[in-house]
Amino acid sequence: MKHYTSRRLLKKRHLSPVALGLAILLHGLLFGIMFIKVDSHLKPVAMVKAMQMNEEKPIDIIEASAVDKKVLEERKEKKKAIEREKQRKITAEKKRKAEAKRKEEEKIKKAKAEKKRKKEAKKKAALKKKKADKEKARKKAEAKKKKDAKRKKKLAEEKKRKAAADRKRKVEKERKRKEADMKKQLEAKAREGRARQAMSKYAPRIQRKVQDNWYLPPRGAEGCNPTVQVNLAPDGKVLRARIVKSSGDSFCDESVEKAFMRASPIPIPLDPDLYSEFKVIDFPFRP
Amino acid sequence: MNNTSKLILIVLLAGMVVVSGCNKKNRKAEGADMGNTGVSTSGTGTEFGPDGKPLGDWQSGALADLLAQTQVYFAYDSTELDADSQAIAEAHATFLSNNPATKVVLEGHADERGTREYNLALGERRAQSVADVFVALGVSPANIEVISYGEENPVAEGHDESSWRLNRRVEIRYDR
Amino acid sequence: MKLSNMKKLAALLIILSGLMVNPVQAVLTIEINRGVDVGIPIAIVPFSWSGAPVAGESMTEVIEADLTRSGRFDSIPQADFLQQPHNAKEVRFKDWRLIKTDYLVVGSIRQTGATTYNVKFQLMDVFRGNTLTGYQYNIQSTKLRNVAHLISDIIYEKLTGEKGAFNTKIAYVTVEKTKKGRRFLLQVADSDGFDPQTILDSHQPLMSPAWSPDARKLAYVSFEKKRSMIYIQRLSDGKREKVASFKGINSAPAFSPDGTKLAFVSSKDGNTEIYVLDLRTRAIKRLTNNHGIDTEPSWLPNGRGLVFTSSRSGQPQIYRMNADGSGVQRLTYSGKYNARPSVSADGKLMVMISRGKGRFHVAVMNLRSKEITRLTDTLLDESPSFAPNGRMVLYATEQDNKGVLAAVSSDGRVRQTLRFLQGDVREPAWSPYLR
């Protein structure tokens, strides 16, 4: 579930391709507008220069002597060069001036443009902002929505998770309970086993002690079949010996009650764990 | 006659009686013949019978000896007369039948073993056995008294057969 | 024996395993299969005595001897006592639990006059730490022994549920040798043989004393007339009457339980037979008619029949018949000599003399199961007589070449010779309860 959620989040972080394209376009446009305007300024300056050159008349040819064509050429070249240089300087100056002007103009333009641009930019910015705000809002809303949805989802997921967790916990609890039960049962069985062991070990001892201390009643053992329930202290001391089924002969009953008084303490295990097994013992007399 | 001879005579006579196996009925006759059969006796002097009266001629020595025996003995638990006892009983019977006025008392006894009352009855039966011999030989029952003392009157007090033997008896008594 | 132990172990295991199957009712159950057959442990503390001592009287000794003789009690030796209390208040029960006694008797004797005494006693339960019973008596010094027997009776009854027979009498014959020959005395003494009183003095044998049911008369056989005759004598004044002097034997008198008839033996009709004399009408009825010896009649406690000895089968055996002589039934089949039967007052036991290997001993038959138990192993036992509670048998026997009386408990556990000072004692008869 977590995985799903994160994927969704990531998706949200991506810009939509449409928005991106638009932004690029807009900026490109803006830049484009700026550059186009600058080019129209440059063209006219170059034309002026060309015109100026054509107006100038050629230089002195008098000394047409046997001067070397080459030197002539050189001089021509030099003259041309000086001219050129001069021209260049003028041009340059002009250029410079024009440049300066242009620069100035450009500056103004720039300023204007800048202003405009700023304005535009501002506008754009405002627009952008608006858009951005809108976008932001939208995003916010979307985000909120998303968030809400997310939250809801989260909640739902949480709920699911909780439910799942609950179920799991329940299952776990159940498992644990069963485990505990099983453990209890095993322990009980183990305890039973120990108890049984103790019983089989101690029962003959107890029987012997009682039998050795049962002085037969006047009429003897025949017909003397009472059942006695005995309560023992942890040290085996007889706390109480009660006839739960009388033999019908008070002397027989008396003889068995005395037997327990005489036999006290009864040999029972000292382990306090096992005491509960020996706490109460029933003795049916069947001689 | 000395005692030894007497004894021998008695034994011989007793032996003869047993061997001959005579009929009781003929006793009397035989008794009368006794003097003729065998040992000669010099019928000297007076012999006294058990009743203290002198014996008549025909009642001589041997009979007298038997008559001198006044006890007859019995086997344990028994009321039957053995041979000796029988002889003695018969001798007395003879005497009595010849002296019809004489009364006799037969005292029956038993040894100490067993219960007293039962021994009383046993003693009586023994005495009765002797009485039966008497009656058979002609003694009147009116002259016979049978008494039992059971084990109450022993002659020997030991707790063994040598005493018991002597106590199992019938005493024949003429004086009371 | 081993097999039964295994069976018991198996039974025990079965019970235990049964428990395991059903662990819900998990009360451990242990079966008890036997006990120990011992006497009741009792401690009798010598009674305190104040006043002039009465010679030879020790109540404590009498009580102790009585209880021990019954076979039911084991008395703790005085040497073991840790204290000497004389009444319940003085008793420290712990001291008595230590010496392992179940019960305790304490008492005091106090002279109250020239010949009078006050006797007090208490019987305590040591385990429970309480007093079970107690009485006091004001008596003449001559009755001190009687009171001791009375106390024995009370203790006996309280702890066994049966009536005691210590405060009873016994009749018997004793024989002395004198210069003039034998002297026969018919005497009556306390149940322990003490304080004999002579009822009849004779130079001729005396036999078969028999008590009337009210314990006031004795019938007996006397040879004073040189042959057996039956007399009935009143004990209070010695007055007597000759009731049977027929020809032949007159013997074996026996009072019927209601006291109106006397069974006896006579040979008047030619053989020893049993007859019944009606004491009121003096009519005589013949009960047996048989060629054998019929003797020693003894009434059944309900008066509806008798047991007797008969040799009709060849040897003495014990038979039973109705009060009119009909319905004769043989009771003994083992051994060749069974005689002198006597039935206990509760009708359950019959005591007799049996011969085995030449020895005559006392035996007891359980009339229901017909089981016979030998009680003695001496040679020449005679005349067994039940105590009125059926728990003890008095009989005559030989000891050191002398006739003595002995008492054996009817389960054979305890035997005690009664002490007599002189003579040869025989023919005991235990009285009924005294009224």
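**Entry 1: salt bridges between chains B and C**

I take a salt bridge to be a side-chain nitrogen of Lys or Arg within 4 Å of a carboxyl oxygen of Asp or Glu. With that rule I searched the interface of chain B and chain C and found five salt bridges. The model is a predicted one. I noted one pair by name: B:Arg116 and C:Glu382 are joined through their side chains, with N to O at 3.1 Å. The pairing is of a familiar kind, since side chains of opposite charge can pair when their charged atoms come close.

**Entry 2: the side of chain B that touches chain C**

I next asked which elements of chain B give two or more residues to the side that touches chain C. They are α5 (116–136) and β3 (144–150) of chain B. I recorded that α5(B) makes the largest share, eight residues. Sorting that side of chain B by class, I obtained twelve charged, eight nonpolar and five polar residues.

I then looked up the extent of the contact. Chain B contributes 25 residues and chain C contributes 38 residues. Of the area that chain B buries against chain C, 27% is supplied by B:Arg116, B:Glu117 and B:Tyr118, more than by any other three residues. B:Arg116 thus appears twice in my notes, as it is also the salt-bridge partner of C:Glu382. Between them, chain B and chain C bury about 2600 Å², and 53% of this lies on carbon and sulfur atoms. I also listed polar contacts across this interface and found 20 residue pairs, both members at pLDDT 80 or more.

**Entry 3: the interface of chains C and A**

I repeated the look-up for chain C and chain A. The area buried there is about 3000 Å², with carbon and sulfur atoms giving 61%. Chain C brings 31 residues to the contact and chain A brings 33 residues. I found 19 residue pairs in polar contact across this interface, both at pLDDT 80 or more. The salt-bridge rule returned six pairs between chain C and chain A. Among them is C:Asp125 with A:Lys258, whose side chains meet at 2.9 Å, N to O.

On the side of chain C that touches chain A, at least two residues each come from α1 (2–21), β1 (28–29) and α4 (144–160) of chain C. By class I counted 15 nonpolar, ten charged and six polar residues on that side of chain C.

**Entry 4: salt bridges in the whole structure**

Over all chains, my search gave 49 salt bridges. I examined one within chain A, where A:Asp181 pairs with A:Arg177 and the closest N and O atoms are 2.9 Å apart. About one helical turn separates A:Asp181 and A:Arg177, because they are four residues apart in helix α3 (residues 69–213) of chain A.

**Entry 5: the largest pocket**

I looked up the largest pocket and recorded a volume of about 1200 Å³. Its lining has 36 residues, and those nearest the centre are A:Pro218, A:Arg219, A:Gly220, C:Leu349 and C:Arg391. I divided the lining into 13 charged, twelve nonpolar and eleven polar residues.

**Entry 6: backbone exceptions**

Most residues other than glycine have a negative phi, and most peptide bonds are trans. I noted a departure of each kind. C:Lys370, not a glycine, has a positive phi of about 65°. C:Lys370 sits in the loop between β25 (359–366) and β26 (372–374) of chain C. The peptide bond from A:Ser264 to A:Pro265 is cis, omega being near 0°. I located A:Pro265 in the loop between α4 (250–263) and α5 (272–278) of chain A.

Terms used
Residues numbered from 1 in each chain as written. Chains lettered and ligands numbered in written order. Predicted model: local features only at pLDDT ≥ 70, side-chain atom pairs only at ≥ 80, totals over all residues. Heavy atoms only, no water. Contact = heavy atoms within 4.5 Å. Buried area = accessible area lost by both parts, 1.4 Å probe. Polar contact = N/O pair within 3.5 Å; in protein donor to acceptor, adjacent residues only side chain to side chain. Nonpolar A, V, L, I, M, F, W, Y, C, P; charged D, E, K, R; others polar. 1 Å grid on protein atoms, 1.4 Å probe; cavity = no way out; pocket = protein on both sides within 12 Å on 5 of 7 lines; lining within 4 Å. Points joined across faces, edges and corners; volume = space filled by probe spheres on them.
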